[in-house]
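Reader: Before I accept the labels put on this model, I would like to hear the reasoning behind them.

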Amino acid sequence: MSTVALITGAASGIGAAVTRRLSAGGAKCVLVDLDGEGAERLAKEVGGVALAADVSTEEASRQAVDLAAGAYGRLDLVHLNAGISSGVDLNAFDAARYRKAVGVNVDGVVYGVAAALPLLRRSGGGAIVVTASLAGLVGYDGDPIYTMTKHAVVGLVRALAPPLVKEHIRISAVCPGFTDTPLVADARELFVSAGFPLLEADEVAAAVESAFYSEETGSLFVIQPGKQPVPYRYAG
Ligand code: NAD
């Protein structure tokens, strides 16, 4: 019986790298992305199934889990990864941008967890990994609203881990530093010219894969270039 994985934001960057890794390891993947064509293309490449959907709607997560159930009959791994920068300037506030960032980065994770849990339970347990960020652990002033959304999902992971593990469902978060994906394309030249090392998407994907199988439920894995992922511990 193959492992079945659901990945959001699967068409690009970290989600695409995770999809390729899990598929290479024999998993059947359900790819969810706003970019339906990109998700469909990668699904063809890896032999999975794709759903064009906006994770900030509750319906998207339900449809994605239904697709996993219909195509493969079970669900083992869930990577809640879709995310965006907010671009919100609190001195020139744009409520629509704010709502959009919270919708994708927070609602998308909450809806994903809620929709996946029943099928994970019916499958005998499994694991959820959320892509947070170093900005989920420290106050990144480059994008305070993004930082807030990532702190929110870190809180969710920490609070859910103890009750879920009793049902054989592990949940953890990866907290990457800047990673070379289209998300940071605008700032890429700045990083490179400053000699600032960027993570490769596949380095983060490797950490996501090991987080899926880690017994350290509730952990927040800090990922930095060239280093092994380190479980982050809160003081106190
Ligand atoms: P990316 O832009 O390459 O990929 C994000 C994917 O999510 C895209 O395919 C996009 O179409 C999809 N997406 C965006 N909004 C969506 C929505 N509403 N519904 C469904 N899909 C949607 O970016 P990435 O760097 O791979 O980002 C993946 C995750 O990693 C995000 O949560 C991001 O916040 C996080 N992260 C990125 C970095 C970085 O430096 N790149 C660092 C830390 C954390």
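The exchange below takes up the helix, the sheet and the ligand shell of this predicted model.

Reader: What makes helix 5 (residues 144-165) close to its expected span?

Author: Helix 5 has 22 residues, and the expected span is 1.5 Å times one less than that number, which means 32 Å. From its first C-alpha to its last, helix 5 reaches 32 Å.

Reader: Where does helix 5 bend, and by how much?

Author: The bend is at Ala-159 and comes to about 30 degrees. A proline, Pro-162, follows within four residues.

Reader: Why are residues such as Val-153 and Leu-164 called buried?

Author: Because a residue with 20 or more other C-beta atoms within 10 Å of its own counts as buried, and Val-153 and Leu-164 are among those of helix 5 that do. The buried residues of helix 5 pack against helix 4 (95-122), strand 5 (126-131), strand 6 (169-176) and strand 7 (220-223).

Reader: What is the strand order of the open sheet, and which strands are its edges?

Author: The eight strands have the order 3-2-1-4-5-6-7-8, with mixed pairing. The edge strands are strand 3 (49-52) and strand 8 (230-231), as each pairs on one side only.

Reader: How do you know that strand 2 (residues 28-33) and strand 3 pair?

Author: Pairing takes at least two bridges, and four join strand 2 to strand 3, so the two strands pair. They run parallel, and Leu-31 has Ala-50 in strand 3 as its bridge partner.

Reader: Which residues come nearest to the ligand?

Author: Of the 27 around the ligand, Gly-9, Ser-12, Gly-13, Gly-83 and Thr-181 come nearest. The shell divides into twelve nonpolar, twelve polar and three charged residues.

Note on methods: Residues are numbered from 1 along each chain as its sequence is written. This is a predicted model: local features need pLDDT of at least 70, side-chain atom pairs count only at pLDDT 80 or more; totals for chains, interfaces and linings use all residues. A residue is near a molecule or strand if its C-beta atom, placed from the backbone, lies within 6 Å of it. Ala, Val, Leu, Ile, Met, Phe, Trp, Tyr, Cys and Pro count as nonpolar, Asp, Glu, Lys and Arg as charged, and the others, Gly among them, as polar. The bend at a residue is the angle between axes fitted to the seven residues ending there and the seven starting there. A residue is buried if 20 or more other C-beta atoms lie within 10 Å of its own, exposed if 12 or fewer, and partly exposed in between; C-beta atoms are placed from the backbone. Two residues are in contact if their C-beta atoms, placed from the backbone, lie within 7 Å.
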